[in-house]
Amino acid sequence: MKQVFTITRISSVIILAFSMLTSVQKTFAEGSKELHTKSGQNGPYLQIWDGPNLDTRKFMTYSPDTLYRLNVKICNLGEKVFFGFRQDDNDCFFRIKGPNNQTIAISGAGVDQDPAASVFTYRVPTAGNGFISTWAQATAGPKPFAATGYNALSFIPKVAGDYYIEFNPRSATVVNKLNRRFLYFDMTVVDTLNANAIRTGRLWSRAWDINCNSGTNTFDTKIFVYSKDSVVTRIDFNGMQPYGFVISCNSTGCTNTGVPAADRRSRVGNITYPEYKLFLNDPDNGCYPSKPSFGALTGQISISGCDPRNRCINIPVDRAGKVEILLDFDLPAGYNGRGSRDTIISANVKVGNNCIPWNSKDAKGKLIAANATFPVEVNYFNGLTHLPLFDVENHRNGYSVSLVRPSSITPPLLFWDDTEVNAGQALDTKVQTLGVLTGHRWTNRGDNGCGGGPQNCPETINTWWYGNVIRQTTTFKDTSINVDANRLTPETGSPFNDTTVCTNTTGIQLRGIVSGFTNTGIWTNKSTPSNNNFQGGNTNFDAIYVPTTGEKVAGNKVVLRLSSTGNGVCGAISDTMQIFFIQGPVVDAGPSSVIRCKNNPNVQLSGSKNSVATTIQWFGGTGTFVPSRTVLNPIYQPSAAEITAGTNIILTLRSTAQGSCTPAEDFITIQFTDPATLNTGGVATICRNNPVAVSLNTTATVVGGSVVWSGGTLSGFANTNSLTNSYTPTAAEVAAGNPINLTVSYATPTCSTVTATKTITFTNPATVSAGSSILICQNNANAQLGASSSTGKGKWSFFTTGSGTFLPNDSTLNAVYRPSASESASATRIKLRFTTTSNTVGCNAESDTMSIAFKGAPSVSAGGSKNICANNPLVTISGASSSTGSATWVGGSGVFSPNRNVINPTYTPTASEIGSGIILLYLNSTNNDICNTVQDKTCCNSRSRGKGTSALSGRKI
C-alpha cells in the first residue's frame with residue numbers, strides 16, 4: 001500500500017475556541033478532580049503493580065526508575081503541599097521524597113509512622129487526616145481552602161524542585177509487587193506567600209498507570225503533554241475503553257532506532273517508552289514555560305558536499321525541534337513505504353544551521369547514480385508527540401488533540417500506521433497519512449486472548465501529531481566527483497576494492513578511475529605515507545605498486561588511496577583499496593642462534609612451517625640429523641670434528657614443496673662454549689674440639705650457573721645453592737671424626753652439570769691426663785703429681801681455689817704439690833686441673849682434673865706418770881691409740897706383760913731402773929699407712945721403802 005504522509009493545513013476559517021484554557025477557573029484540587037471526571041463513575045483510578053507486565057508497571061512504587069514517579073513541582077519557597085488519598089485494601093505504606101531523594105516529614109494528626117520502617121514512612125490513612133472519603137471531597141480539595149473538602153496531610157518543601165510520592169503494599173520497607181488501586185487522590189500546591197493561591201499544573205508523571213475497572217468503562221480524562229521543545233498539547237481521550245493501561249508520550253513512537261517509518265508503526269507486544277512530562281492541567285507556565293511562537297526555517301534547505309559518501313543536508317532553523325527529510329527517489333511522488341527506494345531521515349535540530357549527514361544511498365543501500373536529480377522534502381516540527389498505548393481494548397470515538405501553547409489557529413492533526421496490527425477491527429483506516437482532527441478508532445484490540453495467538457495481541461497502538469509543521473522542498477542535482485580505486489569492481493571502498501596477494505608478489509597492478517567534475521588523481525600509500533613506490537608514477541591510474549619487505553608480512557595489509565586532483569571549488573575526493581598479504585611458504589628454523597656446551601653438544605631443533613610449505617629439508621653441518629633431515633624437529637648431533645674445532649655451525653631449514661611460490665628458508669647458528677671448571681680450594685682440616693665453619697667458597701670459570709651442594713648433613717650448609725658457602729660439621733660428624741666429602745654440582749644453561757669435591761678432615765686434639773687422685777696424710781702432706789700430655793707440655797692450675805705450692809713449678813708434669821698449712825689443717829679436698837700447652841694449630845687446649853684428699857694423722861697417749869715402790873715395782877700402764885688402734889712400747893729395760901704390743905700392759909722395771917729413780921717409757925703408733933709415726937711418753941718414779949719420790953708427767957715426742 002502506498003503511504004503518503006502529508007500534513008494538510010486547516011483553513012484559518014476553522015477556529016477552535018478554548019475558553020476553558022484562557023479563562024481562569026477557581027479550583028482547589030489537582031488529582032481525581034481531573035482524572036475521575038464523573039460522580040458515581042467506577043473509575044478511572046490510579047494504580048500500582050498491574051500485572052503481568054510488572055517490569056513496565058512501576059508507577060508510584062518503591063522503584064529508583066525516575067520515569068515512573070508521580071511528581072509534584074515546587075517552583076518557589078513558601079509553597080506548601082496538601083494531599084490525601086483513599087486506598088481500600090488498607091495495607092499500603094507511603095513516603096515522600098525530595099529533590100535529593102531523601103524522605104521528608106509530613107504533618108497531619110492521626111498519621112501513624114511505621115516503627116519498622118525507615119525514617120518518615122507512613123501508613124496510608126483509613127480515616128482522619130489524609131483520608132478522602134468521597135468523590136465530592138476529592139474534587140473539592142483540601143480544607144480549609146474548600147469547605148466541603150477533606151482534612152489534608154501536608155508538608156512544607158525546604159528547597160525548590162520535584163517531590164515524589166511512593167507506595168508499597170504490606171510493608172514499609174520490603175517491596176511487594178501487588179496490585180493496588182487508589183479510588184481518590186489529591187496533591188494541591190498552595191502559595192502561602194501569595195494569599196494562599198492554588199497552583200495547578202504542578203502534578204506530573206512520565207507514565208501514568210490507570211485502571212478503569214472494566215474494558216467497557218470509558219476514559220474521558222484530558223492529559224496535557226509538555227514536549228522536549230516546550231510545546232503543550234492536550235489529549236482528549238474521548239471515551240476510550242482501555243481497562244488497565246499506562247499513558248506515556250515520546251518523540252519517536254514505539255521504538256527509537258533512528259528509522260522514523262519503523263519507529264512509529266503500531267506493534268504487537270508491550271513496546272513503549274516514557275519520555276515527555278504529562279500533566280492533568282496545563283503545566284504551570286511559571287515552571288514550564290513555552291516559547292511565544294513556533295520555530296521557523298530561516299533559509300533555503302540545501303545539500304552540500306562533493307564526496308557522495310559524506311554529504312550534508314543543510315537545514316537552518318531559529319528554534320530547536322525535529323525534522324523529517326524525505327528523499328523522494330521513486331514515483332509516484334511522496335513516500336512509497338517499505339520496499340521502495342524512498343528514504344526518510346529523522347533528526348533533532350538546534351538553533352542555526354544543521355548539517356544532517358547523508359551517504360548518498362537510497363533506502364536499499366545503493367549509491368545514487370551520477371548526475372541524479374530528485375525532489376527533497378523537509379518537514380520541520382515543533383511539538384512532535386507520539387502516544388503509544390499498550391493493551392487498550394476499544395476506542396470507538398477516537399482522540400481529539402488541542403494545541404495549548406504556543407497558541408495557533410491551526411489545531412494538530414492525528415496520524416497513525418497500524419499496518420502491523422491484525423487483531424480487532426480498525427474503525428478508521430489502518431494508515432492515516434493525511435491527518436485528521438479527531439480519529440484513530442478501533443474495537444477488540446488489547447485482548448490477551450484474541451484469535452491468532454500471542455503473535456497478534458495484545459498490541460501497542462501508536463498515534464502521533466505535530467504542534468506545528470513547516471514544509472520546504474527543493475530539487476537535488478548531483479555534481480559530485482566520483483573516485484574508484486578499483487574500477488574492476490562495481491562498488492567503491494572496502495570490501496569491493498580490496499585484493500589479496502601472496503607475500504612473494506613483486507608488484508601489484510592497479511586499476512583506478514576518477515570521473516565527474518575532474519578526471520585526474522594521485523595515488524598515495526595511506527598505511528606508510530613515506531612509501532610511494534608506484535612504477536609508472538603515482539598519477540598513473542594503472543601504475544604497479546611495489547610493496548616493501550616490511551609490508552609483505554602474512555596478515556598485514558597496505559591501504560592505497562586514490563585522491564582526485566583538479567577539484568575546483570570542491571575538496572579532494574578519495575577512495576581506498578586494501579591489499580592483504582597472505583603468506584607464501586614460511587619456514588622458521590627456531591631461534592636465530594643457540595649456544596651449546598662441548599660436554600652437551602646435541603641440539604633439539606624446533607623448526608616450523610605454514611601449510612603452504614608442504615615438505616622441508618635441513619641443510620648444512622657435518623653431523624647427524626636424528627631421525628632425518630626431512631623432519632621439522634630433529635636432533636642435530638655435531639660431529640667430533642665440529643666439537644673439537646668449536647667454530648659456529650650454520651644449519652638451513654628450506655621448504656622443498658610450496659605450490660607456485662618460491663622456496664622459503666631460515667637459518668640457525670650453533671655456537672660452542674667450554675664447560676665450567678670449579679675450584680673448591682682443596683682439603684680443609686679442622687680440629688675435632690674446635691669444629692668451626694669451613695669456607696666452601698668456590699670459583700667457576702663460567703658465571704651464571706645453578707648450584708647444588710650435597711654430602712654431609714643438610715643442616716650443616718649455610719646455603720646449598722650458592723658458590724659462596726660454608727659448612728659447619730654436626731656433633732655426630734665431629735664425634736665420628738671421619739673425613740666429610742662435600743660435592744658441588746654446577747649447571748649452566750647449555751652444559752651438562754660439572755661437579756667438584758671439598759673434603760673436610762679432622763685433627764685430634766691433644767690427649768691429657770692429670771693423673772690419679774692422691775690421698776696424703778695431714779702429718780705427711782707433700783703430694784707427688786704425675787700428669788701426662790700428648791704435647792709433652794702443660795700447666796697446673798687450681799680447679800677450685802687453692803693456696804699450696806707446685807714444686808719446682810706449675811709447668812712440671814710430675815711436680816710436687818705442697819699444701820699450705822691451712823690446707824693441711826683444714827684437710828679440705830684440693831682439686832687441680834692440668835691443661836695442655838703447645839697445642840696443634842686450630843685445636844683448643846684440653847684439660848683434666850685430679851684431686852688431693854687428706855687423711856687424718858694418728859695419735860697415741862702413754863697415759864699419766866706413775867709412782868712405784870721399790871719393794872713393789874709392778875705398774876699398770878694406761879696407753880691409748882686414737883687412729884690406728886695399734887701401738888708398741890719402746891724404751892725401758894724391764895718386762896712388758898704380756899708384751900710390748902699391748903697398749904695397756906703391765907711393766908716390771910729392772911733393779912737398775914728402780915735404783916735410778918726415774919723410768920722413761922715410749923708408746924709409738926703402728927700401722928701408720930701414709931702417715932708418719934707419732935709417739936707419747938710416760939715416766940715412773942721409783943721410791944725406796946719409807947721414802948717418797950716426785951713423779952714426772954708424760955709427754956709426746
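Two strands count as paired here if DSSP finds at least two bridges between them. I start with that because it decides my opening case: β1 (residues 45–48) and β12 run antiparallel and are joined by two bridges, and at least two is what the definition asks for. I keep in mind throughout that this is a predicted model.

**Entry: around β12**

I looked up who faces whom. Leu-46 sits opposite Ile-210 of β12. Then I checked β12 against β15 (residues 244–247): four bridges, again antiparallel. In that pairing Trp-208 is opposite Ile-247 of β15.

Which residues of β12 (residues 208–211) are buried on each side? Trp-208 and Ile-210 are buried on one side, Asp-209 and Asn-211 on the other, so I note both faces of the strand as covered.

**Entry: the cores**

Some of these names come back when I list the largest nonpolar core, which has 55 residues. The members touching the most others are Leu-46, Phe-83, Phe-94, Trp-208, Phe-237 and Ile-247.

I picked Ile-247 and asked what it contacts beyond its neighbours within four places in sequence. My list reads Arg-206, Ala-207, Trp-208, Ile-210, Phe-219, Ile-223, Phe-237, Leu-278, Leu-387 and Leu-389. Another core lies apart from this one, with 22 residues, including Ile-303, Ile-313, Val-323 and Val-378.

**Entry: a three-strand sheet**

Next I turned to an open sheet of three strands, ordered β18-β19-β22, with antiparallel pairing. Why do β18 (302–304) and β22 (352–358) each have one side without a neighbour in the sheet? They stand at the edges and have a single partner strand each, so one side stays unpaired. Ignoring direction, neighbouring strands in this sheet are turned by 30° against each other on average.

I also counted along the β19–β22 pairing. Strand β19 (residues 311–317) is joined to β22 by seven bridges, antiparallel. I noted one bridge in it by name: Ile-315 has Asn-354 of β22 as its partner.

**Entry: salt bridges**

My search over the whole structure gives 30 salt bridges. I followed three of them.

Asp-91 and Arg-180 come to 2.8 Å between their closest N and O atoms. This pair links distant parts of the chain, 89 residues apart: Asp-91 is in the loop between β3 (79–86) and β4 (92–97), and Arg-180 is in strand β8 (residues 180–182). Are these two charged residues buried or exposed? Asp-91 has a relative accessible area of 18%, so I put it down as buried, the cut-off being under 20%. Arg-180 is buried as well, at 9%. I then found that both belong to a network of salt bridges that also takes in Asp-89 and Arg-170.

Second, Glu-324 and Arg-264 meet at 2.9 Å, N to O. Glu-324 is in strand β20 (residues 321–327) and Arg-264 is in the loop between α4 (260–263) and β16 (267–268), so this salt bridge ties together parts 60 residues apart in sequence. Glu-324 is buried at 10% relative accessibility, and Arg-264 is buried at 2%.

Third, the side chains of Asp-417 and Arg-265 meet at 3.5 Å, N to O. Asp-417 belongs to strand β26 (residues 414–417) and Arg-265 to the loop between α4 and β16, so the parts tied together are 152 residues apart in sequence. I marked both Asp-417 and Arg-265 as buried.

**Entry: aromatic pairs**

How many aromatic pairs does the structure hold? I get 37. One of them is Phe-155 with Tyr-163, a tilted pair at 5.6 Å centre to centre with 40° between the planes. Phe-155 is buried at 2% relative accessibility, and Tyr-163 is buried at 3%.

I also opened Phe-329 and Phe-374, which are tilted too: 4.6 Å between centres and 55° between planes. Phe-329 is in the loop between β20 and β21 (343–349), while Phe-374 is in strand β23 (residues 373–382), 45 residues apart. Both of these rings belong to buried residues.

Last, I wrote down one aromatic cluster: Phe-83, Phe-85, Phe-94, Tyr-122, Phe-155, Tyr-163, Phe-167 and Phe-182. Phe-83 and Phe-94 I had already met in the largest nonpolar core.

Notes:
Residues are numbered from 1 along each chain as its sequence is written. This is a predicted model: local features need pLDDT of at least 70, side-chain atom pairs count only at pLDDT 80 or more; totals for chains, interfaces and linings use all residues. Side-chain values use heavy atoms; hydrogens and water are left out. Axes are lines fitted to C-alpha atoms, for helices over the stretch in contact, and angles run from 0 to 180 degrees between N-to-C directions. A salt bridge is a side-chain nitrogen of Lys or Arg within 4 Å of a carboxyl oxygen of Asp or Glu. Buried means under 20% relative accessible area, exposed over 50%, partly exposed in between (1.4 Å probe, protein chains only). A nonpolar core is a set of buried Ala, Val, Leu, Ile, Met, Phe, Trp, Tyr and Cys residues joined through side-chain atoms within 4.5 Å. Contact means heavy atoms within 4.5 Å. Rings of Phe, Tyr and Trp (its six-membered ring) pair if their centres lie within 6.5 Å; planes under 30 degrees apart count as stacked, over 60 as edge-to-face and the rest as tilted.
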